[in-house]
Amino acid sequence: MSRAWLTALTLAVAACSASPGTPAVGDAKPAAAETPAVPAQAVRVAHQPPSAKDVIEAVIASGSTPLSVSPTCANVGTEPSDATIGRYLAGFLAELTSPSRKNWIETKVEPGRSAAGEPVSICTLTLRHEDGDDRWGWGVRFQVRSSDGLVLANTFMCVGAG
Amino acid sequence: MSHAVCTGDATVITPQLLDGYLGKAIGAICQNGYANNHDNHCAHFVSHVLGYKFGVTCQMMGNGNGPAANLRVQEVFPNCKAVGVWSLRPTTLSPCLVFITRASNVNLATKVMANVPRKHIGIFLNGFIWHYSNRQHKVIKETPSQFKLHYAPPDNAMFYGSMP
């Protein structure tokens with residue numbers, strides 16, 4: 001994966017994590033310091049089942065989802081002040097800047113059922129890094145409703161260990 | 001490996017018990033199928049040995065019904081009864097947990113460790129540290145001076161934590 005591509009994705013996720021009226025990326029005050037908001041607009045994927053590209057797009061578009069969406073997202077940010085999915089993922093994307101290390105994005109889509117019993121795609125995006133003992137994978141999992149491709153914002157959870 | 005030892009009671013931890021894990025891959029320790037070699041299993045291993053079921057566990061993220069074990073270093077750290085820099089560890093504190101990461105990632109006053117990529121955990125007892133080597137995909141035993149080489153500076157500040 002090229003460094004330029006990762007940089008672009010980092011900027012996109014970080015930008016999506018900012019609520020309206022919050023500072024833009026690069027401003028002195030981090031966006032995460034603001035109270036996060038649930039995405040104002042519904043997010044839908046382009047294909048069913050979602051492609052890898054759809055999963056990544058859905059995550060970028062859901063960057064402002066607050067980490068309070070799930071107990072699995074408590075204190076997952078690389079900084080304790082991180083408050084959104086976008087800020088959380090941006091922290092790990094920012095660790096992938098060395099061109100001599102092994103980094104990759106892993107996506108997985110599996111069929112499942114929502115809590116309401118509707119058919120859904122269970123989507124997982126994991127950012128991975130391997131450099132000797134410096135080895136990790138952090139990301140998100142969420143559901144996409146099969147009937148209309150709607151990303152179920154309240155199903156976001158944070159995956160990762162270490 | 002018997003999981004009857006996962007009581008959360010530090011008094012049952014012995015070198016013989018910990019040596020029984022040496023060379024084992026996480027797949028031989030976890031019954032919940034959470035054993036991807038690309039994941040980091042340091043807290044996962046420690047939590048299976050010591051029976052830490054709080055926070056995010058392998059049972060929640062895996063696909064089995066085996067004993068649950070916490071997966072995250074930053075969730076184990078604040079559950080320790082006391083934490084401090086390794087060089088100031090009370091000499092009577094053995095066994096205990098040992099953490100390694102960049103010093104600025106840790107706030108001892110609030111007992112918070114940020115979820116930074118380079119952080120690691122092991123079990124200290126009788127002069128040795130048992131921990132999961134994610135590079136070698138197995139449990140190993142090292143001295144504290146060897147453990148300090150796990151990451152290059154400045155990511156190798158060591159901290160102790162009394163058993164949750």
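# Reading a two-chain model, feature by feature

Modeller: Let's start with the cysteines. A search through the whole structure, which is a predicted model, turns up one disulfide over all chains.

Colleague: Which residues does the disulfide join?

Modeller: A:C73 and A:C158, with an S to S distance of 2.0 Å. To be called a disulfide, a pair of cysteine sulfur atoms has to lie within 2.5 Å. The pair links distant parts of the chain, 85 residues apart: A:C73 is in the loop between helix 2 (52-61) and helix 3 (85-93) of chain A, while A:C158 is in strand 4 of chain A.

Colleague: Why is the disulfide of A:C73 and A:C158 right-handed?

Modeller: Look at the torsion about the S-S bond: it is about 100°, so the disulfide is right-handed.

Colleague: Are A:C73 and A:C158 buried or exposed?

Modeller: The cut-off for buried is under 20% relative accessible area. A:C73 has 1%, so it is buried, and A:C158 is buried with 0%.

Colleague: Chain B has cysteines too. Why is there no bond for B:C58?

Modeller: Check the sulfur distance. The closest cysteine sulfur to that of B:C58 is in B:C30, 3.8 Å away, which is too far for a bond. For B:C42 the closest one is in B:C80, 13 Å away, again too far. B:C58 is buried at 0% relative accessible area, and B:C42 counts as buried at 0% as well.

Colleague: B:C42 sits in a helix, I think. How many residues of helix 2 of chain B are buried?

Modeller: Here's the general idea for a helix: with 3.6 residues a turn, residues three or four places apart point the same way. Now the case here: helix 2 (residues 42-50) of chain B is mostly covered, and nine of its nine residues are buried. Among them are B:C42, B:F45, B:H48 and B:L50. Just after the helix comes B:G51, with a positive phi near 75°.

Colleague: On to the two chains. How many residues does each chain bring to the contact?

Modeller: Chain B gives 29 residues and chain A gives 26. Together the chains bury about 2,300 Å², with 47% of that on carbon and sulfur atoms. On chain B's side, B:H38, B:N115 and B:P117 supply 28% of the area buried against chain A, more than any other three residues.

Colleague: And how many polar contacts and salt bridges cross the interface of chain B and chain A?

Modeller: The rule finds four salt bridges there, plus 18 residue pairs in polar contact. Helix 3 (58-61), helix 4 (73-76) and strand 4 (112-113) of chain B each supply at least two residues of the side touching chain A. Helix 4 of chain B has the largest share, three residues. Sorted by class, that side has 13 nonpolar, ten polar and six charged residues.

Colleague: How many salt bridges are there over all chains?

Modeller: There are 15. One pair joins two chains, because A:D133 lies in the loop between strand 2 (119-131) and strand 3 of chain A, and B:R135 in the loop between strand 6 (128-133) and strand 7 (138-142) of chain B. Their side chains meet at 3.5 Å, N to O. A:D133 is buried at 13% relative accessible area, whereas B:R135, at 44%, counts as partly exposed.

Colleague: Which residue meets B:E75 in a salt bridge?

Modeller: B:R72, at 3.8 Å, N to O. B:E75 is buried, with 11% relative accessible area, and B:R72 counts as buried at 0%.

Colleague: What about B:R118 and B:D155: how far apart in sequence are the parts they tie together?

Modeller: First the distance: the side chains meet in a salt bridge at 3.0 Å, N to O. B:R118 is in the loop between strand 4 and strand 5 (119-125) of chain B, and B:D155 in the loop between helix 5 (144-147) and strand 8 (157-161), so the pair ties together parts 37 residues apart in sequence. Salt bridges with shared partners join A:E95, A:D134, B:R102, B:R118 and B:D155 into one network.

Colleague: One last residue. Where is A:D148 found?

Modeller: In the loop between strand 3 (134-145) and strand 4 (151-160) of chain A. At 28% relative accessibility, A:D148 counts as partly exposed. Its side chain makes a polar contact of 2.7 Å with the side chain of A:R145 and reaches the backbone nitrogen of A:L150 at 3.2 Å. Leaving aside neighbours within four places in sequence, A:D148 is in contact with A:R44 and A:Q48.

Technical notes:
Residues are numbered from 1 along each chain as its sequence is written. Chains are lettered from A and ligands numbered from 1 in the order in which they are written. This is a predicted model: local features need pLDDT of at least 70, side-chain atom pairs count only at pLDDT 80 or more; totals for chains, interfaces and linings use all residues. Side-chain values use heavy atoms; hydrogens and water are left out. Contact means heavy atoms within 4.5 Å. Buried area is the accessible area (1.4 Å probe) that two parts lose on being put together, summed over both. A polar contact is a pair of N or O atoms within 3.5 Å; within protein, one must be able to donate a hydrogen and the other to accept it, and residues adjacent in sequence count only if both atoms are side-chain atoms. Helices (H or I, at least four residues) and strands (E, at least two) are DSSP runs, numbered from the N terminus. Ala, Val, Leu, Ile, Met, Phe, Trp, Tyr, Cys and Pro count as nonpolar, Asp, Glu, Lys and Arg as charged, and the others, Gly among them, as polar. Buried means under 20% relative accessible area, exposed over 50%, partly exposed in between (1.4 Å probe, protein chains only).
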